[in-house]
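Welcome! Here is a short tour of one protein chain, with the structure open beside you. Take a moment to turn the model around before reading on.

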Amino acid sequence: MSLWFSDPLILPGIIILITIVLWATSALPEYLTALLFFAAAMVAKIAPAEVIFSGFASSAFWLVFSGFVLGIAIRKTGLADRVARALSARLTDSWLHMVGSVVLLSYALAFVMPSNMGRIALLMPIVAAMAKRASIGEGTRAWFGLALAVGFGTFQLSATILPANVPNLVMSGAAEGSYGLHLNYLPYLMLHTPVLGLLKGLALVGLICWLFPGNPSPPKQIESPGPMSTEEKRLTWLLVVVLGLWVTESWHGIAPAWIGLIAACITLLPRVGFISGEEFASGVNVRTCFYVAGILALATTVTHIGLGALVGESLMAIIPLDASRPFTSFAALTGITSLLNFIVTANGVPALYTTFAESFSQATGFPLLSVIMIQVLGYSTPLLPYMASPIVVAMGLGKVPAKEGIKLCLALAAVTFLILLPLDYGWFRLLDKL
């Protein structure tokens, strides 16, 4: 590398930049871009193999994998259709009602289930069955809207609930490790829910109804669901156990990914499980799994080689932070997190941003804890789908084209930064956080 470039970060930077551009433009299939990143990074030796392939060791990767397996089982046994039948009788009388219900369900589930990927795995087959019963075909714009409602509702709105997604946990750990600050559940909820939960949820529903219009046809006759089959009962009990273990993670200490993986193994066991080898081979979306592994690996690699810290320091030198202009500083800090999102994606932003929080606090005059909290608005509002792996997974499960996800990302980001950001600033001021 030193023979080609005098700066050891130039070649890694080029590889990372090309990868990001290919994902952002969808010039190549997302999984192929991920594979090219793995190949180029290994050939150029920009980081050790365990760093470059760290995405495959990540709990998020295995939650995605187990989510696909459980989703196949939920559909095959008829459990998804049974739940969808119960919901479709009440939630499909209008498109606004249907989209709003899916977003609300995605948000409400975050209060009891800590894993974004787990929630998407449970919701997607149910929403797909509900859409089918409302005469919304797969591959239509209305279906894309429902799939994106699950992905965006699950990731973006859950950022207001402290234990409900990975970036929040990374931020909490970084704040405690770096500054001894312990984030509490209720104050965190109170600070973020009114604007980034409720108002953003309403904006999301409105944008989906506008960009992805639909005309659901509720079933004219509500058939009796009939008794549950033995397979449905067995799978229900398995899901109840999985959900219970996910919710009680703080008691037993087993990560949701490994709980999901065990459940996936059970569903694949001969004579005990629910899925045959052929169904597993055809149902698991390996393309999305590789894409997620690539996103996670890129973020880890950027941090490992020091490129993230270099970008962060450069941003701090050019972004206007002024104690006499609090709103400008608030917007600038949000802008920093948005720019970092391009490089390290949402999971990596808190680890990097939080390390600079004390410098940001001194430059702006904001309390340190408030500076740390401001980043939530930025990392929970991705400008492109690849920045948030749960959105990528929902798009993969729903077979949503990249351009449709980008369209909603940009529209919701515009509403967030132009309308919700000033409201969020006002809410921070009202609570005396700035």
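## Two helices that cross

Let's begin with a helix pair in this predicted model. Helix α8 (residues 141-158) and helix α21 (residues 402-430) have axes that come within 11 Å and cross at roughly 50°. Angles from 35 to 65 degrees are neither roughly parallel nor roughly perpendicular, and α8 and α21 are therefore oblique to each other. Their crossing is right-handed.

If you would like to find the contact yourself, look on α8 for Arg 141, Phe 144, Leu 148, Phe 152 and Gln 156. These meet Glu 404, Gly 405, Lys 407, Leu 408, Cys 409 and Leu 412 of α21. By character, the residues of this contact divide into six nonpolar, two polar and three charged.

## An aromatic link

Aromatic rings are worth a look too: the structure holds eleven aromatic pairs. One of them joins Phe 56 and Phe 290 edge-to-face, at 5.7 Å centre to centre and with 75° between the planes. Phe 56 sits in the loop between α3 (49-52) and α4 (59-76), while Phe 290 belongs to helix α15 (residues 286-305), so this pair ties together parts 234 residues apart in sequence.

## How confident is the model?

Across the protein chain, pLDDT averages 83, and 92% of the residues score at least 70. Among the elements of the chain, α21 has the highest mean pLDDT, at 95, and helix α5 (residues 79-91) the lowest, at 68.

Please keep an eye on residues 1-5, where pLDDT stays under 50. For this stretch the model has ten contacts beyond four places in sequence.

Terms used. Residues are numbered from 1 along each chain as its sequence is written. This is a predicted model: local features need pLDDT of at least 70, side-chain atom pairs count only at pLDDT 80 or more; totals for chains, interfaces and linings use all residues. Side-chain values use heavy atoms; hydrogens and water are left out. Axes are lines fitted to C-alpha atoms, for helices over the stretch in contact, and angles run from 0 to 180 degrees between N-to-C directions. Helices (H or I, at least four residues) and strands (E, at least two) are DSSP runs, numbered from the N terminus. Angles under 35 degrees count as roughly parallel, over 145 as roughly antiparallel, 65 to 115 as roughly perpendicular and the rest as oblique. A crossing is left-handed if the near helix is turned anticlockwise from the far one by less than a right angle, and right-handed if clockwise. Contact means heavy atoms within 4.5 Å. Ala, Val, Leu, Ile, Met, Phe, Trp, Tyr, Cys and Pro count as nonpolar, Asp, Glu, Lys and Arg as charged, and the others, Gly among them, as polar. pLDDT is the predictor's confidence in each residue, from 0 to 100. Rings of Phe, Tyr and Trp (its six-membered ring) pair if their centres lie within 6.5 Å; planes under 30 degrees apart count as stacked, over 60 as edge-to-face and the rest as tilted.
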